[in-house]
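Please open the model in your viewer and keep the sequence panel beside it. The stops below say what to select next and what is there.

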Amino acid sequence: MRISRAIVLFAAVIATLSACSSGDGKSDNAAKPSSQAPAPSSSAAPSSSAAPTGGAGSKEPCALLPAEAVGKAVSLQGVTSAPGPVQDNAANGGKAKSCVYSAAGKQIGALAVTRFEKNPIKPAEMVAALKKAKPNAKDVAGVGEGAIYYTDENKTATLAAAELVNNVPVLVNYTGPVKMTQEMMAPLVKTAVDAN
């Protein structure tokens, strides 16, 4: 369940992004996780795909990145996907949805998509806030309007990309085991960004 916790922690970092666009000089808050992150849900039944639901431009994460693509990236067969934790943050207008990928009964990664419907934060500001929160982050070219890759103390790796979808700021990230390289993750996040 280490990956589910990493997704929830990532969502907590994202939950503080509103300070970056508010102009109030509190951008240091981007590095402080929120204590309001929900516990991961383990009641969802795994499936190999999920149908998109919601309004225009709000496809479900499992519909953006097929389980087969994750399986190919990590050289595993039988990878399944299931909806993961959801987090709403009224303070910054962000809503994060996730999709958890599993193989042989173990989580192997998760895709999270955070839409900022009520926050005009720019993709460059999202990337800057994440870089400040994750000092070891490396820029990744060719994914979204800006992207970074980093590893953390939880033994996970994350590749996050920011973009505008129908004028709504969106952050898409994939978190997996620390052995997943930037080269393995970039096509996964690019697939999700391009499908969004």
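**The disulfide**

Begin by selecting Cys-62 and Cys-99, which a disulfide joins with an S to S distance of 1.9 Å; bear in mind throughout that this is a predicted model. It is a right-handed link, with 100° about the S-S bond between Cys-62 and Cys-99. Cys-62 belongs to helix H3 (residues 61-64) and Cys-99 to strand E2, so the pair ties together parts that are 37 residues apart in sequence. Both Cys-62 and Cys-99 are buried, and the structure holds 1 disulfide.

**The sheet**

From Cys-99, extend the selection to the strands. There are 7 of them in an open sheet, ordered E1-E2-E3-E7-E6-E5-E4, with antiparallel pairing. Strand E1 (80-89) and strand E4 (138-139) are the edge strands, each of which pairs on one side only. Now isolate strand E2 (residues 94-103) and strand E3 (residues 106-116), which run antiparallel and are joined by 10 bridges. Which residue in E3 is the bridge partner of Gly-94? Selecting Phe-116 shows that partner.

**The helices on the sheet**

Next, display helix H5 (residues 123-133), which lies across E3, E4, strand E5 (146-151), strand E6 (156-165) and strand E7 (168-177), and which runs at about 160° to E6. Add helix H6 (residues 182-195), which packs on the sheet and touches E3, E4, E5, E6 and E7, while its direction makes about 30° with that of E6.

Returning to H5, color Pro-123, Met-126, Val-127, Ala-129, Leu-130 and Ala-133, the residues that are buried in this helix. Why do they fall on the same side of H5? They do so because they cover an arc of only 160° around the axis.

**The nonpolar cores**

In soluble globular proteins, nonpolar side chains tend to be buried together. Here the largest nonpolar core has 32 residues, and a good place to center the view is on Tyr-101, Leu-111 and Tyr-174, which have the most contacts inside this core. At least two of its residues are supplied by each of H3, helix H4 (67-74), E2, E3, E5, E6, E7 and H6. The largest share, 6 residues, comes from H6. As a last stop, select Ile-121, Leu-130, Ala-137 and Ile-148, which are among the 11 residues of a second, separate core; Leu-130 is also one of the buried residues of H5.

How values were computed: Residues numbered from 1 in each chain as written. Predicted model: local features only at pLDDT ≥ 70, side-chain atom pairs only at ≥ 80, totals over all residues. Heavy atoms only, no water. Pairing = 2+ DSSP bridges. Helix = DSSP H or I, 4+ residues; strand = E, 2+ residues; numbered from the N terminus. Contact = heavy atoms within 4.5 Å. Axes fitted to C-alpha atoms, helices over the stretch in contact; angles between N-to-C directions. Buried < 20%, exposed > 50% of the residue type's maximum accessible area, 1.4 Å probe, protein only. Arc of directions from axis to C-beta. Disulfide = S-S within 2.5 Å. Core = buried A, V, L, I, M, F, W, Y, C linked by side-chain atoms within 4.5 Å.
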